[in-house]
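The exercises below are to be worked with the sequence and the coordinates at hand. Each task is followed by a solution that proceeds step by step.

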Amino acid sequence: RLDALPTHYAILEVSAELRARQQASLARELPHLIERVQWLDALPEHFKGVVLGNEVLDALPVELVHWTEAGPMTRGVRLEGEAFGWEDRPISDPELLTLAESLALAPGYVSEISLAAPALIASLADCLDSGLILMIDYGFGRAEYYHPQRHMGTLRAHYRHHALDDPFYLPG
C-alpha cells in the first residue's frame with residue numbers, strides 16, 4: 001500500500017556513480033516517490049528510523065589470515081616480478097590477533113576477519129537514537145563458514161557480474 005510508505009527516505013551512498021544511477025532509476029520507475037528521498041554525504045549525528053543495508057557487510061574490507069604451525073599470520077600482498085602474490089606476515093594488530101587466536105583453526109586454513117563490520121555497526125548504533133538496524137547479507141553460518149572444505153576462505157573478486165577466485169585479476 002503506497003499510503004503506508006515512510007514519508008522520508010535518506011540514502012547514504014558514497015559512490016557518485018551509484019548515486020546517479022539510483023536517482024535516475026527512481027525518477028524513471030517511481031517518480032511519485034522522488035520527493036521523499038534525500039541522498040546523504042555522511043550519516044547524521046542523531047536520527048530516529050530504520051537503517052537498512054543490503055550486501056553492505058560483504059563489501060567491507062577484511063583482513064586475510066593464514067593459520068600456520070607458528071600461529072595465525074596476516075596475509076599481505078607483494079609484488080612478484082610484474083604480478084601480485086601473497087605474503088604471510090606477523091599480525092601486529094592486537095584486536096585481529098585476539099580474534100584469530102580465538103578461532104583456533106588448523107594450520108593451513110585461510111579465512112577473512114572483518115574488523116570494519118563491528119565498527120560500522122557500532123557507529124550506526126551511536127547515531128541511532130531509536131529505531132532498527134537491519135543488515136541483509138547472504139553469507140554462511142559459523143559452522144558452514146569455518147567448514148574444512150572452505151579451508152581457503154571465501155574471499156572473492158567480482159568483475160562484470162562474475163565471481164572470481166583470483167583477487168589479483170584486473171586489480172583496481
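**Exercise 1.** In which loop does His161 lie?

*Solution.* The coordinates are those of a predicted model. Working along the chain, one finds His161 in the loop between strand S9 (157-159) and strand S10 (162-164). The next step is the backbone, where phi of His161 is near 65°, a positive value in a residue other than glycine. As for the solvent, His161 is exposed, with a relative accessible area of 86%. A second residue to examine is Glu55, which has a phi near 60°, again positive in a residue other than glycine. Glu55 belongs to the loop between S3 and S4 and is partly exposed, its relative accessible area being 30%.

**Exercise 2.** Identify the residues of the largest nonpolar core, and determine which element gives the most to this core.

*Solution.* The largest nonpolar core has 9 residues in all, namely Val65, Trp67, Ile91, Leu96, Ala100, Leu103, Leu105, Tyr109 and Ile113. Sorting them by element shows that strand S4 (63-68) and helix H2 (94-103) are those that give two or more residues to this core, and that H2 gives the most, with 3 residues. Apart from this core lies another, of 5 residues, among them Phe47, Leu124, Cys127 and Leu128. As background, nonpolar side chains tend to be buried together in soluble globular proteins.

**Exercise 3.** Which residues of H2 are buried, and which are exposed on the other side?

*Solution.* Begin with the buried set, which in H2 includes Leu96, Ala100 and Leu103. These residues cover an arc of only 55° around the axis, and they therefore lie on the same side of H2. The general reason is that an α-helix has 3.6 residues a turn, so residues three or four places apart point the same way. On the other side of H2, Pro94, Thr98 and Ser102 are exposed. The cover over the buried residues of H2 includes S4, strand S5 (71-80), strand S7 (110-113) and helix H4 (142-145). For Leu96 in particular, once neighbours within four places in sequence are left aside, the contacts are Glu63, Val65, Thr74, Ile91, Ile113 and Leu115.

**Exercise 4.** Which side chain meets that of Arg19 in a salt bridge, and where in the chain do the two residues lie?

*Solution.* A search of the whole structure finds 8 salt bridges. In one of them, the side chain of Arg19 meets that of Asp41 at 3.0 Å, N to O. Arg19 lies in helix H1 (residues 16-29) and Asp41 in the loop between strand S2 (37-40) and S3, so the pair ties together parts that are 22 residues apart in sequence. Turning to accessibility, Arg19 counts as buried at 17%, whereas Asp41 counts as exposed at 67%.

A further salt bridge joins the side chains of Arg75 and Asp88 at 2.9 Å, N to O. This pair links distant parts of the chain, with Arg75 in strand S5 and Asp88 in strand S6 (residues 83-90), 13 residues apart. Here Arg75 counts as buried, at 17% relative accessibility, while Asp88 is partly exposed, at 28%. Finally, Arg78, Glu80, Glu87 and Arg89 are linked in a network of salt bridges.

**Exercise 5.** Which residues form a nonpolar patch on the surface?

*Solution.* The patch consists of Val50, Leu52, Leu132, Leu134, Ile136 and Tyr138, with about 610 Å² of accessible area together. Strand S8 gives the most to the patch, with 3 residues. Leu132 is found in S8 and is partly exposed, with a relative accessible area of 44%.

Terms used:
Residues numbered from 1 in each chain as written. Predicted model: local features only at pLDDT ≥ 70, side-chain atom pairs only at ≥ 80, totals over all residues. Heavy atoms only, no water. Patch = residues over 30% accessible without salt bridge, like charges linked within 9 Å, V, L, I, M, F, W, Y side chains within 5 Å. Areas by Shrake-Rupley, 256 points an atom, 1.4 Å probe, with all protein chains shown as cover. Salt bridge = Lys/Arg side-chain N within 4 Å of Asp/Glu carboxyl O. Helix = DSSP H or I, 4+ residues; strand = E, 2+ residues; numbered from the N terminus. Buried < 20%, exposed > 50% of the residue type's maximum accessible area, 1.4 Å probe, protein only. Core = buried A, V, L, I, M, F, W, Y, C linked by side-chain atoms within 4.5 Å. Contact = heavy atoms within 4.5 Å. Arc of directions from axis to C-beta.
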